[in-house]
Amino acid sequence: MTLNHLVPRLPVAARKQHDRETKLKSFHDRRIHIDLGVLNVTPFLAKGLSDKDRTILRCDATALAEVLRKGVYTAVDVLTAFIKAAVAAQDMTNCVTEICFEDALERARELDEHMEKTGQVVGPLHGVPVSIKDHIKVKGLDTSTGYTAWAYNTVAEEDALVVKILRNAGAIIYVKTQNPQTLLSLETNNNVFGRTCNPFNRCLTAGGSSGGEGALIACGGSPLGVGTDIGGSIRVPAGHCGLYGLKPSVARLPHSGLLGSHEGMDAIIGCVGPMATSARDLALFCSVMLEAEPWLQEPALLEMPWKEHVARGHGLPERLSVAILYDDGVVKPHPPILQALDKYKQALEHAGHDVIRWEPSDHQKGWDLIVGECTLTCMVKLYLLDGGAEYHETIQAGGEREVPQSQWILDHARDRRPYTPHEIFRLNVEREAFRANALAHWNATKYRTATGRPVDVVLCPVAPTLAPPHDSTSWWGYTSHWNLLDLPAVVFPVGQYSASMWVPSDPSPPRGSVEDFIARQWSPDTYDNAPISLQLVGRRHNEERLLAMLGVIEKVIPPTDSVPLLRRFSYGVNGHHKCTDSD
């Protein structure tokens, strides 16, 4: 196992990595150098931290906002603790790109002075550190976005709207995080900074394209991060790193001020969303975003204020109807994932909820519509309408090569011509017909539920595997399907796999080459220490209701110490939201 960032390949990469290292050197007391053969680095996270640091770092963002409001800790106290953890996270997983610690500390001092003078916070996130995915613009910082051609050429002149809202709410922006070359990848690797690794097992991916956020938050280096998602890019790293992540429906949360290829492409649209260590932090982020009325600044957004009472469960039926998707009909998930789904099925039924099986509907057809079949005769589809031309041009402009996962996705359109306007119109018609059929499929579940109404939510895998070995992700269908349908989805941690655990295996023959490859990947030793996560999918633009239903499910099976993030900095007890030694 190697980390690409140890061997710079291009002069611009060497320069970027040198600049990053220069900014880290002043925090030499928090540098952690571990042999590359050590796979699980989480036991080293607390090394050298004070008791106060540990207490702060085991808080979620909601708890941090509260103790900062009460004056239990200063903004400098909180930021300093997270900077220490971020430096260690970078050393162990290569998750960070741009660093602005000094500016952030200056802002923290300003916030503390404001509190001392007025006794009031500046906003609901006063003093809370927030990390930002690299391709989201932060004024004064580079936005290389995993492309060598963009390094030093894309310094942001202003903040993205999401960053502006965060700053106005009192949040402190202190670091940007890794994303992959092209962004169109569920792993995180590029030729500027290298590969990001999973802190629970560095032979495994942290996911992508928000993999830097996943690794940083999992290491305790951030309480709340901002990612983006067009095919699973929030949910997959959240799942692989044992976190919470929300992909909203398009046009709900601010999305302007991002840099990436294919700007203006609207055949399938990405979205901004939060990654965090608790479900309530997802709601906090959404509340802050929508209280700012972003639709007055970003025309594409819907005027839909956050309904806090709905997010807290008002109006939910006492008995939920839950559909469980065990298998999408293309790739059967690995045994630990199926076992987790069974556990939730039994617990939900025992709690009195109605549970049925979700019958998969056209998942292969959906993938073919998004990207096209990977065959010698395939045609590029919604992700690659131009045949991948812009991606190839940007990569070539930087004198770099495609990293393996970029090559894998671009091979779906290799040497294919761009679609004509007429063909794009036809694809859009096909997309809308697909969505209409899917909506009818959901509505028809009322004929199978005990409640006599359509299911409230779908419980399903995040991916067919736990965090897989690097450069081996080969099926996006458990997340990209919901992007195609523009349905909100939230990922949540349910446990951690150990190679010593027994799980039943299934010798059934594969239904295709992708399933065959993924089935052969299964080996208990490969996935040792990997987090286990699941995904909930709700109705379009019903993010509040979705989070409320996650709250119901977490009351049925509360997060416990089997969830890896709850054990960080907690002295072996579940003190996730405990933010003072006297609490």
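This passage walks through the overall fold of the chain, its nonpolar core and two local sites. The structure is a predicted model, in which local features need pLDDT of at least 70 and side-chain atom pairs count only at pLDDT 80 or more, while totals for chains, interfaces and linings use all residues. Residues are numbered from 1 along each chain as its sequence is written, and side-chain values use heavy atoms, with hydrogens and water left out.

The chain holds 18 helices and 15 strands; helices (H or I, at least four residues) and strands (E, at least two) are DSSP runs numbered from the N terminus. Its C-alpha trace spans about 60 × 60 × 55 Å along the principal axes. The radius of gyration is 22 Å, which agrees with the value near 25 Å for a compact globule of 583 residues; this radius is taken over C-alpha atoms, and the globule rule is 2.2 Å times the number of residues to the power 0.38. Of the 583 residues, 61% are buried, where buried means under 20% relative accessible area, exposed over 50% and partly exposed in between (1.4 Å probe, protein chains only). Counting contacts (heavy atoms within 4.5 Å) between residues at least 6 apart in sequence, 79% join residues at least 24 apart.

Turning to the interior, the largest nonpolar core has 179 residues, and those with the most contacts inside it are Phe-101, Val-162, Leu-166 and Tyr-174. Helix α4 (residues 75–93) gives the most to this core, with twelve residues. Such a core is a set of buried Ala, Val, Leu, Ile, Met, Phe, Trp, Tyr and Cys residues joined through side-chain atoms within 4.5 Å. Beyond its neighbours within four places in sequence, Phe-101 touches Leu-24, Phe-27, Ile-83, Ala-86, Val-87, Tyr-174 and Val-175.

Helix α3 (residues 61–70) has as its buried residues Ala-61, Ala-63, Leu-64, Ala-65, Val-67 and Leu-68. Their cover includes α2 (51–57), α4, α5 (101–118), β8 (224–229) and α9 (279–291). After α3 comes Gly-71, with a positive phi near 80°.

A second site is Val-491, which lies in strand β14 (residues 489–496). Val-491 is buried, its relative accessible area being 0%. Apart from neighbours within four places in sequence, the contacts of Val-491 include Arg-235, Ala-238, Gly-239, Leu-243, Tyr-244 and Gly-245, as well as Val-462, Ser-533, Leu-534 and Gln-535. Val-491 and Asn-40 are 451 residues apart along the chain, and their C-alpha atoms are separated by 22 Å.
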